[in-house]
Amino acid sequence: AGTLELMSGEIIGTGDPAYQTNYSCGVYVTNKASVNMSGGVIRNHASNFGAGMQVWNESTVTLTGGEIKNNIGSGICVRESKLIMNATQENPDGCYITDNIYRDNAGSGGGIYLSDSFALINAGCVQNNKAYNGGGIAIGSSNVAIAGNASILGNQTSFGGGLFIFDSKVTLGGNSKICNNRAKYSGGVLLDNSEMTISENAQIC
């Protein structure tokens, strides 16, 4: 347990794949711990899972600002935990998760990987990430709501450029956008044994 408040500064890795392991990452969160990120940058880390941040075992991460970028592996990996992305008056655009890349066309969830988790994504931008499945977000066995002004833009993958969803329930609402993503199969959203509800002014374009 415990709480980390990340408001400014940078957590910088070497960016060297030679040090890449399952658990090498910028921030490791486990055992019901909490992270509140309202500013700062997490960049240049390498991992087989979440390179910028890994969240395990009933932990909670709240992202309202800052950047998670330029990592080798998912920007953030969330397993059996909770992810909240909101805007604030100080940070109306929320957190940016950008330019995270799995090398050699491997991995799932270039920006965000969710497994057995809950996510509420009301703000922020998941942009220009790359992976084999789910260039923007890969969602497995999870419940996810994407709403507000959240945007998933310009991500690349083989399957599900914006979202790759398997064994999950996802709602897309508000003014959220999943646009300009690219994939060999399903540039916007790929559903596998999953349910997706689209409402309000949400767009897949």
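These legends walk through several close-up views of the predicted model shown above.

Residue numbers start at 1 in each chain and follow the sequence as written. Because this is a predicted model, local features need pLDDT of at least 70, side-chain atom pairs count only at pLDDT 80 or more, totals for chains, interfaces and linings use all residues, and side-chain values rest on heavy atoms, with hydrogens and water left out.

**View 1. Eight strands line up in an open, parallel sheet.** Reading across, the order is β2-β5-β8-β11-β14-β17-β21-β25. Strands here are DSSP runs of E, at least two residues long, numbered from the N terminus, and two strands pair if DSSP finds at least two bridges between them. At the edges you will find β2 (10-12) and β25 (203-204), each pairing on one side only. Within the sheet, β8 (residues 67-69) and β11 (residues 96-98) run parallel and share three bridges. To follow one of these connections, start at K69 and look for T98, its bridge partner in β11.

**View 2. Strand β16 has two faces and two parallel neighbours.** Side chains alternate along β16 (residues 143-146): V144 and I146 point to one face and are buried, while N143 and A145 point to the other and are not. Buried means under 20% relative accessible area, exposed means over 50%, and partly exposed lies in between, using a 1.4 Å probe and protein chains only. Strand β13 (residues 118-121) runs parallel to β16 and is joined to it by four bridges; here I121 has I146 as its bridge partner. Strand β20 (residues 169-172) also pairs with β16 in the parallel sense, over four bridges. In that pairing, the partner of N143 is K169.

**View 3. L63 sits among the best-connected members of the largest nonpolar core.** A nonpolar core is a set of buried Ala, Val, Leu, Ile, Met, Phe, Trp, Tyr and Cys residues joined through side-chain atoms within 4.5 Å. This one has 36 residues, of which L63, I76 and L83 touch the most other members. Leaving aside residues up to four places away in sequence, L63 has contacts (heavy atoms within 4.5 Å) that include M37, I68, I84, M85 and I97.

**View 4. F49 meets both a ring and a charge.** Rings of Phe, Tyr and Trp (its six-membered ring) pair if their centres lie within 6.5 Å; planes under 30 degrees apart count as stacked, over 60 as edge-to-face and the rest as tilted. F49 and W56 are edge-to-face, with 6.2 Å centre to centre and 65° between the planes. F49 is partly exposed at 23% relative accessibility, whereas W56 is buried at 16%. R79 lies over the face of F49, 5.0 Å from the ring centre; this label requires NZ of Lys or CZ of Arg within 6 Å of the centre and within 35 degrees of the ring normal.

**View 5. F159 and Y185 form a stacked pair.** Their ring centres are 5.1 Å apart and their planes meet at 15°. The pair links distant parts of the chain, with F159 in β18 (residues 156-159) and Y185 in β22 (residues 182-185), 26 residues apart. F159 is partly exposed at 24%, and so is Y185 at 42%. Y132 joins F159 and Y185 in one aromatic cluster.

**View 6. S59 is a buried loop residue.** Look for S59 between β6 (46-55) and β7 (60-63), with a relative accessible area of 1%. The S59 side chain reaches the backbone oxygen of W56 at 2.7 Å.

Note on methods
A polar contact is a pair of N or O atoms within 3.5 Å; within protein, one must be able to donate a hydrogen and the other to accept it, and residues adjacent in sequence count only if both atoms are side-chain atoms.
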